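I opened the notebook today to look up where open and enclosed space is left in this structure, and what surrounds the bound molecule. The entries follow the order in which I looked things up.

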Amino acid sequence: MSFDVSTIKADFPILAQQVNGQPLVYLDNGATTQKPNAVIDAITHYYRNDNSNVHRGAHTLSDRATSVFEQARKDVKGFLNANSSDEIIWTKGTTEAVNLVAFSWGLQNLRMGDQVLVSHMEHHANIVPWQMVCEKTGAELVPMPVNDDGDIDLDQLNGLLSENVKFVSVAHVSNALGTVNPVQDIINLAHKVGALVMIDGAQAVAHWDIDVQRLDCDFYAFSGHKLYGPTGIGVLYGKADLLNLMTPFMGGGEMIETVTFEKTTFNTLPYKFEPGTPNIAGAVGLSAAINYLNSLDREAVASHEEDVMDYALAKAKQTKGLRIVGNAKHRAGVLSFVIEGTHPHDVGTLLDQQGVAVRTGNHCAMPIMERMGVPGTVRASFALYNSREDVDALFNAIEKIRMFF
Ligand code: 7TS
């Protein structure tokens, strides 16, 4: 199978529009990706034909809704190569998945003197929940240092690892710098001291296949909306033996086995962590996104994305006054930069006037912005439908705004 970016682009109806009189060039995929027809149609089909609540109805629509919902879980299991569908917990997104592990595993297991390691380049979603739980338990949150290029130094990490470290939580790919972290090495090193490891895959899953069994991570989280699926649906993968030992952090319907005023016993996996009516249409949409990706040659997609990234980097290096923030050895999907004498927000607004959508600011990653000595950056983030022409449009737009500074 080959890869033709214009055919792919045609699968995403939102991209065929003009913004401020210019063809839309959407380079804000780190924030959220656009949705292919396959996803939009699957959600519409679900609401037109199958909508009902799951796991409770004695009627046909409820059976159908349950069946598509549980099929979606199986699709995610296949996508991550988990050992069992019981290890796939639906959440609202990566943020809820991290909170679930921090408040459920963390409150149960962390004590005074324990340490939780997160990298200096984490999104706030992978810092704040741990900080909240550390404050409650007396454990210490320790940042893993990142060098000036935006890479984690494994020797320094090794120096931090001791038997006091009970948990390591790290991004697979940094949303602020694009660094692809050496998660396999981090998992192996952390396991040597007996720490559990969670990988925040929010920025990784869209770019390549994930195999949680090969990685041997204890938890893996991602959001559907960064994988061409809908917002409001995400996944926590966890090893079944760990999830079984964890007490749920949210209570309600569905997650129970029996309830009396004296005591509640909990349901089995995965339902134990899924109180209340879930985002059924979201799961259906996410499953359609996974099937869409699986219908493509993912290796061809990955090499196309690398080509666009390399092309953007080369152009950035040739652009006068532009400083790339983060020069990691291995990066994916994200080009963060500042332009001398300009404020990132002004650059963002002027690019938008030319139809180019980027994100500006601290990208919910204030610690790494401070570490890199910038208040914020302009971030162009790429998806499979972006092309070299989109990169040209970005840099042509940057050239045109020079006169304003
Ligand atoms: N972790 C990483 C690495 C992220 O990039 C994000 C979202 C999250 C966690 C949180 O994901 P959510 O779906 O639960 O919100 N990152 C971004 C971004 O870079 N711009 O907007 C959202």
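**Ligand site**

I looked up first where the ligand is placed, and found that the ligand sits in the second largest pocket. I note here that the model is a predicted one, and I read the entries below with that in mind.

I then listed the surroundings of the ligand: there are 15 residues around it, and those that come nearest are T95, D200, S223, R359 and R379. Sorted by class, the shell around the ligand holds 8 polar, 4 charged and 3 nonpolar residues.

I went on to the polar contacts of the ligand, of which I wrote down three distances. An N or O atom in the side chain of D200 is 2.5 Å from a nitrogen atom of the ligand, while an oxygen atom of the ligand has a polar side-chain atom of R379 at 2.6 Å. For N175, I noted a polar side-chain atom that lies 2.8 Å from an oxygen atom of the ligand. The ligand on its own has 490 Å² of accessible area, and the protein covers 87% of this.

Which domains give residues to the shell around the ligand? I found that both domain 1 (5-30 + 297-402) and domain 2 (41-294) do, so the ligand lies between them.

**The pocket that holds the ligand**

I next took the second largest pocket by itself, for which I noted a volume of about 250 Å³. Its lining is made up of 23 residues, and T94, H123, A202, Q203 and K226 are the ones that lie nearest the centre of the pocket. In the lining of this second largest pocket I counted 10 polar, 7 nonpolar and 6 charged residues. The second largest pocket lies between domain 1 (5-30 + 297-402) and domain 2 (41-294), because both give residues to its lining.

**The largest pocket**

I turned to the largest pocket, in which about 300 Å³ of space lies. The largest pocket is lined by 18 residues, and I wrote down E306, M309, H330, R331 and A332 as those nearest its centre. The lining of the largest pocket divides by class into 8 nonpolar, 6 charged and 4 polar residues.

**Enclosed space**

How many cavities of 30 Å³ or more does a search of the whole structure find? I recorded 3 of them, and the largest cavity has about 80 Å³ of space. The largest cavity is lined by 13 residues, among which N29, Q203, A206, H207 and F382 are the closest to its centre. For the lining of the largest cavity I noted 6 nonpolar, 6 polar and 1 charged residues.

I closed by looking up where the largest cavity lies with respect to the domains: domain 1 (5-30 + 297-402) and domain 2 (41-294) both give residues to its lining, so the largest cavity lies between them.

Technical notes. Residues numbered from 1 in each chain as written. Predicted model: local features only at pLDDT ≥ 70, side-chain atom pairs only at ≥ 80, totals over all residues. Heavy atoms only, no water. 1 Å grid on protein atoms, 1.4 Å probe; cavity = no way out; pocket = protein on both sides within 12 Å on 5 of 7 lines; lining within 4 Å. Points joined across faces, edges and corners; volume = space filled by probe spheres on them. Nonpolar A, V, L, I, M, F, W, Y, C, P; charged D, E, K, R; others polar. Domains from an automatic or database assignment. Near = heavy atom within 4 Å. Polar contact = N/O pair within 3.5 Å; in protein donor to acceptor, adjacent residues only side chain to side chain. Areas by Shrake-Rupley, 256 points an atom, 1.4 Å probe, with all protein chains shown as cover. Sits in = over half its atoms within 2 Å of the grid points.
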